[in-house]
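Walk through this fold with the model open beside the text. We begin at a helix pair, move to the sheet, and end with the confidence of the prediction.

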Amino acid sequence: MQLLFQLQKAWNTTGQVRILKALIAKHPDVLPVSPRATPAGTCDAASASRGGFRGTMSIRASTVFSRFSRTTMSHSNPADISGWHAHIYFDAATRDAAWALRETIAEQLSHAVQIGRFHERPVGPHPMWSYQLAIPSERFAAVFAWLVLNHGALDVFVHPNTDDALRDHRDAAVWIGHSHTLNLVALGG
């Protein structure tokens, strides 16, 4: 298999390239071939794993690490998801907007979600004030779409509920709006 790369300035060419070489050696079939590659950056997986590739790379770090995570994490069955949580984040300046959204959710989505307490302090891994929506799996797509279109200026953290809370919050979550750094120590991380 031929691997084609083109170096991007965003890469730390010592640490991340070393990781890339290890990934190529362990998972040569996982990394994508770049459409922007140049012949100078061509090598095969065997020579790359020996440190023999030269030339340029066009695989972004996020692509490599995303694919690495997917190949090294255990593949869970979506049926393991017992439901979903959406956490609406706010602070003192956005409190009224958060309360208004909560009232709208109660009016329009009461059949699809269970609304949790309105916490005016950080709770658990959540670094901001928040309230939670518990969403059954069969309602998730509709509720998620509604939140995407109606969250306003508020940020929403969404995660599945499986038997692994740390993985749910760290590896399987999505953000609507801006992301925030979670306190994963609260989940054993």
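**A helix pair and a sheet**

Helix α4 passes helix α5 in a right-handed crossing. This is a predicted model. α4 covers residues 95-109 and α5 covers residues 140-150. Their axes come within 12 Å and cross at roughly 145°.

Which residues make the contact between α4 and α5? From α4 come Leu101, Thr104, Ile105, Gln108 and Leu109. From α5 come Val143, Trp146, Leu147 and Asn150. Sorted by class, this contact holds 6 nonpolar residues, 3 polar ones and no charged ones.

Now pick out one residue on the α5 side. Tryptophan 146 sits in helix α5. Beyond residues up to four places away in sequence, tryptophan 146 touches Leu101, Thr104, Ile105, Gln108 and Leu109. Those five residues belong to the α4 side of the helix contact. Take glutamine 108 as an example: 38 residues separate it from tryptophan 146 along the chain, yet their C-alpha atoms are 9.7 Å apart. Is tryptophan 146 buried or exposed? Its relative accessibility is 14%. Buried means under 20%, so tryptophan 146 counts as buried.

Next, the sheet. It is open and has 5 strands, in the order β4-β5-β3-β6-β7. The pairing is antiparallel. Why do β4 and β7 each have a side without a neighbour in the sheet? Both stand at the edges, and each has a single partner strand, so one side of each is left unpaired. β4 spans residues 114-119. From one strand to the next, the twist averages 20°.

Both helices meet this sheet. α4 lies across β3, β4 and β5, and runs at about 165° to β4. α5 packs on the sheet too, touching β3, β5, β6 and β7. The direction of α5 makes about 40° with that of β7.

Look at β3, which stands between β5 and β6 in the strand order. β3 runs over residues 83-90. On one side, 7 bridges join β3 to the antiparallel strand β5, residues 129-135. Two pairs show the register here. Histidine 85 stands opposite alanine 134 of β5, and alanine 86 has leucine 133 as its bridge partner. On the β6 side, 7 bridges join β3 to residues 155-161, again antiparallel. There, histidine 87 faces phenylalanine 157, and isoleucine 88 is the bridge partner of valine 156.

How many residues of β3 are buried? The count is 8 of 8. Both faces of the strand are covered. Gly83, His85, His87 and Tyr89 point to one side, while Trp84, Ala86, Ile88 and Phe90 lie on the other.

Move across to β6. In this strand 7 of the 7 residues are buried, so β6 is largely enclosed by the rest of the structure. β6 also pairs with β7, residues 174-176, through 3 antiparallel bridges. Valine 156 links the two pairings. It is the bridge partner of isoleucine 88 in β3, and valine 156 also stands opposite isoleucine 176 in β7.

Step back to the whole chain. Its secondary structure comes to 6 helices and 7 strands. Read from the N terminus, the elements run β-α-β-α-α-β-α-β-β-α-β-α-β. The chain has 189 residues, and 35% of them are buried. Among contacts with a separation of 6 or more, 68% involve residues 24 or more positions apart.

Finally, confidence. The mean pLDDT of the chain is 76, and 60% of the residues reach 70 or more. Two stretches score lower. Over residues 1-16 the pLDDT stays under 50, and the model has 55 contacts there beyond four places in sequence. Over residues 30-72 the pLDDT is also below 50, with 87 contacts beyond near neighbours in sequence.

Technical notes
Residues numbered from 1 in each chain as written. Predicted model: local features only at pLDDT ≥ 70, side-chain atom pairs only at ≥ 80, totals over all residues. Heavy atoms only, no water. Buried < 20%, exposed > 50% of the residue type's maximum accessible area, 1.4 Å probe, protein only. Helix = DSSP H or I, 4+ residues; strand = E, 2+ residues; numbered from the N terminus. Pairing = 2+ DSSP bridges. Axes fitted to C-alpha atoms, helices over the stretch in contact; angles between N-to-C directions. Left-handed = near helix turned anticlockwise from the far one by under 90°. Contact = heavy atoms within 4.5 Å. Nonpolar A, V, L, I, M, F, W, Y, C, P; charged D, E, K, R; others polar. pLDDT = per-residue confidence, 0-100.
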